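Here is a short report on how this chain is put together. It goes from strands to helices to side-chain contacts.

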Amino acid sequence: RAVAMSVSHSSRLNKLVREQYMRLPQDGKVQVTYVWIDGSGEGVRCKSRTLDKEPKSIEDVPEWNFDGSSTAQAEGSNSDMFLVPVCMFKDPFCLDPNKLVLCEVLKYNRKPAETNLRHTCKKVMDLVKDSHPWFGMEQEYTLLGINGHPYGWPDNGFPGPQGPYYCGVGADKVYGRDIVESHYKACLYAGVKICGTNAEVMPSQWEFQVGPCEGIEMGDHLWMARFILHRVCEDFGVVATLDPKPMTGNWNGAGCHTNYSTEEMRREGGLKHIEAAIEKLSKRHDYHICVYDPRGGRDNSRRLTGHHETSNIFEFSAGVANRGASIRIPRQVGQDGYGYFEDRRPAANCDPYAVTEAIMRTTVLNETGVETKDYADH
């Protein structure tokens with residue numbers, strides 16, 4: 001007996017009919033889809049417009065606006081918000097020459113919206129550019145049916161315990177690989193710096209990695225990879241959640257492990273610079289926990305329990321090849337004496353701009369305590 005999958009109604013529309021229209025010529029016109037972060041700090045929104053010719057650079061894409069009162073970013077009496085294009089990608093859904101454009105959001109007075117964390121991140125990255133900071137972020141996520149239940153799990157029960165699912169193969173171990181592979185190809189086509197993917201420890205949980213990216217590019221590429229993921233899932237009729245602990249109980253949570261190095265860490269003898277950076281991080285644990293999820297650490301408190309390959313949220317720890325530590329130094333880096341380290345604390349729903357900015361403030365700009373410096377006048 002066939003089991004009805006919990007997928008959206010729109011995913012069941014005839015896609016062959018859609019393809020008939022997608023093949024129509026555009027007469028030199030170009031569709032540009034503007035993508036931005038909404039008032040939740042987690043969700044992405046988009047809308048499209050027509051340009052008379054293909055934009056060759058981000059400067060060719062005009063500013064636009066939207067109704068901020070409908071995205072929890074403004075009041076209805078003064079709702080227009082500015083969309084400022086910052087990074088352009090090829091559109092894997094409508095195909096080249098059409099574009100996806102990531103935007104910063106500015107308020108009516110041209111000041112950054114509250115969830116526009118790119119603005120200060122860019123200032124900090126400009127300050128530290130001589131350090132050439134490289135990042136690679138490992139985005140974990142969970143596939144859900146439209147009913148909110150993990151995709152592929154029994155309707156009234158649970159799959160077998162964790163063990164066979166991580167990097168698994170086989171219909172009884174892996175759920176939703178079609179989505180994962182479609183997302184990977186779409187990111188490659190778009191020009192997102194996606195560098196890998198794998199099935200995770202909890203069934204229906206997956207991970208993709210973006211990087212290495214230098215400076216502000218990390219946040220730009222991860223946000224666009226997230227948008228493409230949600231858009232691919234929409235076509236398949238399922239939902240991707242970045243909740244750090246989507247299932248309570250003896251199941252792994254979802255993080256966004258952040259790999260980081262500066263130029264001096266990547267050189268011969270760089271291990272001493274890695275250890276110095278970790279020492280700085282150890283003295284600012286509370287500050288980092290506050291910015292590593294959108295709710296000041298409350299989301300991460302459900303995940304960072306000291307179990308299921310996590311550290312305890314209240315304690316800072318570091319170790320070589322230790323996945324139960326706040327900071328992990330890869331074994332190869334310990335042997336080579338140079339390379340990078342991994343901050344395992346960021347939650348799956350973190351803002352990569354906030355995470356990368358915080359790491360630079362602490363390890364390169366030598367900030368301490370819970371307050372941050374305003375470098376606007378420097």
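Two strands count as paired if DSSP finds at least two bridges between them. Everything below refers to a predicted model.

**Strands E3, E4 and E5**

Strand E3 covers residues 64-67 and is joined to E4 by 4 bridges. The two strands run antiparallel. Two partners can be named for this pairing. Phe66 has Met81 of E4 as its bridge partner. Asp67 is bridged to Asp80, also in E4.

E3 has two faces. Trp64 and Phe66 make up the covered face. Asn65 and Asp67 make up the uncovered one.

E4 pairs with E5 as well. Here 8 bridges join the strands, and they too run antiparallel. Met88 is one residue in this pairing, and its bridge partner in E5 is Val101.

**Helix H2**

Which residues of helix H2 are buried? H2 spans residues 118-127, and its buried residues are Arg118, Cys121, Val124 and Met125. Seen down the helix axis, these buried residues fall within an arc of 125°, so they line one face of H2. An α-helix has 3.6 residues a turn, so residues three or four places apart point the same way.

What does this buried set pack against? Three strands are on the list: E4 (80-90), E5 (99-106) and E6 (134-144). Two helices are also there: H4 (217-236) and H10 (352-363).

**Gly219 in helix H4**

Gly219 lies in helix H4. Its relative accessible area is 1%, so Gly219 is buried, the cut-off being under 20%. Leaving out residues up to four places away in sequence, Gly219 touches Pro352 and Tyr353. Gly148 is 71 residues from Gly219 in sequence, and their C-alpha atoms are 28 Å apart in space.

**His288 in helix H7**

His288 sits in helix H7, residues 285-291. Is His288 buried or exposed? Its relative accessibility is 0%, so His288 counts as buried. The side chain of His288 makes a polar contact of 2.8 Å with the side chain of Thr362. Thr362 is also among the contacts of His288 beyond four places in sequence. The others are Leu281, Arg345, Ala358 and Ile359.

**Aromatic rings**

How many aromatic pairs does the structure hold? There are 8. One of them is formed by Tyr141 and Phe208. This pair is tilted, with 50° between the planes. Tyr141 is in strand E6 and Phe208 in strand E8 (residues 205-214), so the pair ties together parts that are 67 residues apart in sequence. Both residues are buried.

Phe135, Tyr260 and Phe341 form one aromatic cluster.

Arginines also meet rings. The charged end of Arg266 sits over the ring of Trp134. Arg284 lies over the face of Tyr287. The table lists these ring distances.

| Partners | Kind | Distance |
|---|---|---|
| Tyr141 and Phe208 | tilted aromatic pair | 6.0 Å, centre to centre |
| Arg266 and Trp134 | charged end over ring | 3.7 Å, to the ring centre |
| Arg284 and Tyr287 | Arg over ring face | 3.8 Å, to the ring centre |

**Taken together**

E4 recurs in this account: E4 is bridged to E3, is bridged to E5 and packs against the buried residues of H2. E6 is another recurring strand. The buried residues of H2 pack against E6, and Tyr141 of E6 pairs with Phe208 of E8.

Notes. Residues are numbered from 1 along each chain as its sequence is written. This is a predicted model: local features need pLDDT of at least 70, side-chain atom pairs count only at pLDDT 80 or more; totals for chains, interfaces and linings use all residues. Side-chain values use heavy atoms; hydrogens and water are left out. Buried means under 20% relative accessible area, exposed over 50%, partly exposed in between (1.4 Å probe, protein chains only). The arc is that of the directions from the helix axis to the C-beta atoms. Contact means heavy atoms within 4.5 Å. Rings of Phe, Tyr and Trp (its six-membered ring) pair if their centres lie within 6.5 Å; planes under 30 degrees apart count as stacked, over 60 as edge-to-face and the rest as tilted. A charge sits over a ring if NZ of Lys or CZ of Arg is within 6 Å of the ring centre and within 35 degrees of the ring normal. A polar contact is a pair of N or O atoms within 3.5 Å; within protein, one must be able to donate a hydrogen and the other to accept it, and residues adjacent in sequence count only if both atoms are side-chain atoms.
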